[in-house]
Amino acid sequence: WSIVSPGVYLKPYPACSASHAAAEATTQLLIEQNLDPEDILKIEVDAPKIVIDSLIYTDPVQVPQGQFSLPFILACVIFDRNFEVSRISAEALGDPAIKRLMPKITLRHDPELTQKSQTGKIGPECARVCLTTNQGKLFEIFNSEAIGAPNKPMTNQQIDSKFLDLAAFAGYASTAKSLLTRVRQIDTLESCRDLWVN
């Protein structure tokens, strides 16, 4: 059964999975080097063709386009150290601080990464992130596969946090914790209907 092998892919970010390796790598660099938005001169991301073909928007004007725009996603990551569901909004797309950062972020096709990913040597949506600071320092990191992939799963704590965030975003903050508890204990329920008991 494919649900067992290779397993289920759970996305930590509410965006196209092709952006996740780059978002995760960028977050790691920002935290490790203690960088703020004003420190960033440019970020160049090298990726295989499938990533290029998936992330087609450089200047999104509609909310769904932002979820397929690496400049928008990474600009949010630079500010938030994450890409959260709260950024899926017209307000975020129009945020002047986010829009100022987006031109500093470039996505480039790397044929070698395409070849290696197609032969299974690296993840299909991998990314190499090269970050240059305004002080001229260069930091580089390669991420073969993002957290959430079957061989790099999210922790239960990360999954629970995502569930609670999405439930709150959808207007169910008051009942989210009790529902999550029932989901985690689903094997003890007499009926699936018991999941929805208030």
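F72 is buried, and F83 is buried too. Keep that pair of residues in mind for the first exercise, and remember throughout that this is a predicted model.

**Exercise 1. Work out how F72 and F83 are arranged, and which parts of the chain they tie together.**

Step 1: Look for aromatic pairs; the structure holds one. It is made by F72 and F83, with ring centres 6.0 Å apart and planes at 85°.

Step 2: Classify the geometry. Planes over 60 degrees apart count as edge-to-face, and with 85° that is what F72 and F83 form.

Step 3: Place the two residues. F72 sits in helix α4 (residues 70-80) and F83 in the loop between α4 and α5 (90-93), so the pair ties together parts that are 11 residues apart in sequence.

**Exercise 2. Find out what is special about the backbone at P6, N34 and R81.**

Step 1: Start with P6, in the segment before α1 (20-33). The peptide bond leading from S5 into P6 is cis, and its omega is near 10°.

Step 2: Move on to N34, in the loop between α1 and β1 (40-47). Its phi is near 55°, which is positive even though the residue is not glycine. N34 is exposed, at a relative accessible area of 61%.

Step 3: Now try R81, found in the loop between α4 and α5. Here too a residue other than glycine has a positive phi, near 60°. R81 is partly exposed, its relative accessible area being 25%.

**Exercise 3. Describe the surroundings of E125: what does its side chain touch, and where is the nearest opposite charge?**

Step 1: Locate E125. You'll find it in the loop between α7 (111-118) and β3 (127-133).

Step 2: Check for a charged partner. E125 is buried but has no salt bridge, and K11, the nearest side chain of opposite charge, is 8.5 Å away. The cut-off for a salt bridge is 4 Å.

Step 3: Look for a polar partner instead. The E125 side chain makes a polar contact with the side chain of S17, at 3.0 Å.

Step 4: Fill in the rest of the neighbourhood. Setting aside residues within four places in sequence, E125 is in contact with S17, A18, A21, I50, V51 and S144.

**Exercise 4. Take β3 and decide which way its side chains point, whether they are buried or exposed, and which strands pair with it.**

Step 1: Sort the side chains. In a regular strand they alternate between the two faces of the sheet. In β3, A127, V129, L131 and T133 point one way, while R128, C130 and T132 point the other way.

Step 2: Check the burial. Seven of the seven residues in β3 are buried, R128 among them.

Step 3: Identify the partners. β1 runs antiparallel to β3 and is joined to it by six bridges; T133 in β3 stands opposite I40. Strand β4 (residues 138-143) also pairs with β3 in the antiparallel sense, over six bridges, and here F139 is the bridge partner of L131.

Step 4: Follow the chain from β3 to β4. The two form a hairpin with four residues between them, and G136 in the turn has a positive phi of about 90°.

**Exercise 5. Sum up the whole protein: how many helices and strands does it have, and how much of it is buried?**

Step 1: Count the elements. There are nine helices and four strands, and from the N terminus they run α-β-α-α-α-α-α-β-α-β-β-α-α.

Step 2: Get the dimensions. The C-alpha trace spans about 60 × 40 × 30 Å along its principal axes.

Step 3: Check the burial and the contacts. Of the 198 residues, 40% are buried. Among contacts between residues at least 6 apart in sequence, 63% join residues at least 24 apart.

Key
Residues numbered from 1 in each chain as written. Predicted model: local features only at pLDDT ≥ 70, side-chain atom pairs only at ≥ 80, totals over all residues. Heavy atoms only, no water. Phe/Tyr/Trp six-rings, centres within 6.5 Å; stacked < 30°, edge-to-face > 60°. Buried < 20%, exposed > 50% of the residue type's maximum accessible area, 1.4 Å probe, protein only. Lys, Arg positive; Asp, Glu negative; His and termini not counted. Polar contact = N/O pair within 3.5 Å; in protein donor to acceptor, adjacent residues only side chain to side chain. Contact = heavy atoms within 4.5 Å. Pairing = 2+ DSSP bridges.
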